[in-house]
Amino acid sequence: MLENQTILVTGVTGQVAFPVAAELAKRNRVLALGRYGREGDRKRVAALGAEPVVGDLAAGEFGEVPDRLDYVLHFAVAKSGDDDFDGDLAMNAEGAGLLMQHCRKAKAFLHCSTTGVYRAKSEGRIDEASPLADHHRHMLSTYSICKIAAEAVVRTTARQLELPTTIARLAVPYGSAGGWPWFHLMMMKGGVPIPIHPSGPNYFPLLHEDDYVSHIEALLGLASVPATIVNWAGSEDTSVEEWCRYLSELTGLEPRFEASETALEPLLLDTSRLQSQVGPSKVHWKEGIRGLVAARNPELLKG
Ligand SMILES: NC(=O)c1ccc[n+]([C@@H]2O[C@H](COP(=O)([O-])OP(=O)(O)OC[C@H]3O[C@@H](n4cnc5c(N)ncnc54)[C@H](OP(=O)(O)O)[C@@H]3O)[C@@H](O)[C@H]2O)c1
């Protein structure tokens, strides 16, 4: 268990890193780097027991971040959604390299990437050596390309600095902090059609926040030079159709699916590398989805 370590976490005001910082701050000194431009963010982060540190990755400004750290967990991301490749490359790719340079004395660096770097496959599972592509182009135009570019920078910098590094390609994180299934729930509530790819079932593996928080130490343990790359997903094959139907069972709200060629193409993952290191995920997806609704919208639960 990580204890009495100084850990820098980026992206703590976002969905994924918030529960990570919350758990680690119970036993470690957690520095939470971010811009803190929104009211209330600083208070929310400090309430976890983490120390907010103002900085800006795109500008290479690291404020009061000491260069002596034990570990770095890099979750921050820019996904402008408006074709700002210049800004998003500066933040996601250059920012990652500048952060590694600043934290080069750390014992290990965990870079959170995405399964949105992969090319969808019509047959078989996607493992870490599978081809890459601009998977998210119809939804977030800069996202996949900038995340691939960030991986390339992280790989290079790990070798240049001999900084042990893990690149974890995260699938669909969800839990009390939200996530894609929660957006679907909100679409169901608003009567908004849910786009699904015609080549369904739309497989995307969910990963509950309790599971991904519990994986952090093992992922840091995999850090190496050259960087280790690992798919970071739950061990059940879940699909958009399946979890929306279950949301419907729980709430009585009906999903309206709309087949579209521009919906995200399904990604059926091979998680054997992760499972051999950390074991199968523990939160059954139905239990996790029920927990999400209970935490965020208890008023929608039937009965
Ligand atoms: N959410 C998902 O479904 C999902 C799926 C797969 C992979 N991932 C990966 O998981 C990681 C976290 O994603 P998320 O969804 O939690 O992100 P998010 O909710 O969009 O939050 C983005 C975070 O990045 C920080 N940030 C943005 N620009 C910054 C800058 N210039 N300097 C410093 N910090 C900056 C933001 O902090 P401030 O605004 O306070 O600066 C915020 O904390 C990312 O690497 C993402 O690619 C997410």
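Trainee: Which elements do the buried residues of α5 pack against?

Mentor: In this predicted model, helix α5 covers residues 180–190, and its buried residues are P181, W182, L185 and M188. Following these residues to their contacts leads to two strands and two helices, namely β7, β8 (178–179), α7 (240–251) and α9 (285–296).

Trainee: Where on α5 do its buried residues lie, and why?

Mentor: An α-helix has 3.6 residues a turn, so residues three or four places apart point the same way. The buried residues are P181, W182, L185 and M188. Because they cover an arc of only 115° around the axis, they lie on the same side of α5.

Trainee: What phi does G191 take, just after α5?

Mentor: Helix α5 runs over residues 180–190, and G191 follows just after this helix. The sign of its phi is positive, and the value is about 70°.

Trainee: How many residues lie around the ligand, and which come nearest?

Mentor: The shell holds 16 nonpolar, nine polar and four charged residues, and strands β5 (108–114) and β7 (172–175) are the elements that give two or more residues to it. There are 29 residues around the ligand, and those that come nearest are G14, V16, G34, R35 and A76.

Trainee: Is F257 buried or partly exposed?

Mentor: F257 lies in strand β12, which covers residues 257–259. A residue needs 20 or more other C-beta atoms within 10 Å of its own to count as buried, and 12 or fewer to count as exposed. Because F257 has 17 such atoms within 10 Å, it is partly exposed.

Trainee: Which residues does F257 touch, not counting those up to four places away in sequence?

Mentor: The chain brings F257 together with a part of the sequence 64 residues away, since the C-alpha atoms of F257 and P193 are separated by 5.6 Å. Leaving out residues up to four places away in sequence, the residues that F257 touches are I194, I196 and E241.

Trainee: Why is the protein chain said to be as compact as a globular protein of its length?

Mentor: The protein chain has nine helices and twelve strands, and its C-alpha trace spans about 50 × 40 × 40 Å along the principal axes. For 303 residues the globule rule gives 19 Å, so the chain counts as compact because its radius of gyration is close to that, at 19 Å.

Trainee: What percentage of the contacts with a separation of 6 or more joins residues 24 or more positions apart?

Mentor: Buried residues make up 45% of the 303 residues in the protein chain. Among contacts with a separation of 6 or more, the share from residues 24 or more positions apart is 77%.

How values were computed: Residues are numbered from 1 along each chain as its sequence is written. This is a predicted model: local features need pLDDT of at least 70, side-chain atom pairs count only at pLDDT 80 or more; totals for chains, interfaces and linings use all residues. A residue is near a molecule or strand if its C-beta atom, placed from the backbone, lies within 6 Å of it. Helices (H or I, at least four residues) and strands (E, at least two) are DSSP runs, numbered from the N terminus. Ala, Val, Leu, Ile, Met, Phe, Trp, Tyr, Cys and Pro count as nonpolar, Asp, Glu, Lys and Arg as charged, and the others, Gly among them, as polar. The arc is that of the directions from the helix axis to the C-beta atoms. Two residues are in contact if their C-beta atoms, placed from the backbone, lie within 7 Å. The radius of gyration is taken over C-alpha atoms; the globule rule is 2.2 Å times the number of residues to the power 0.38.
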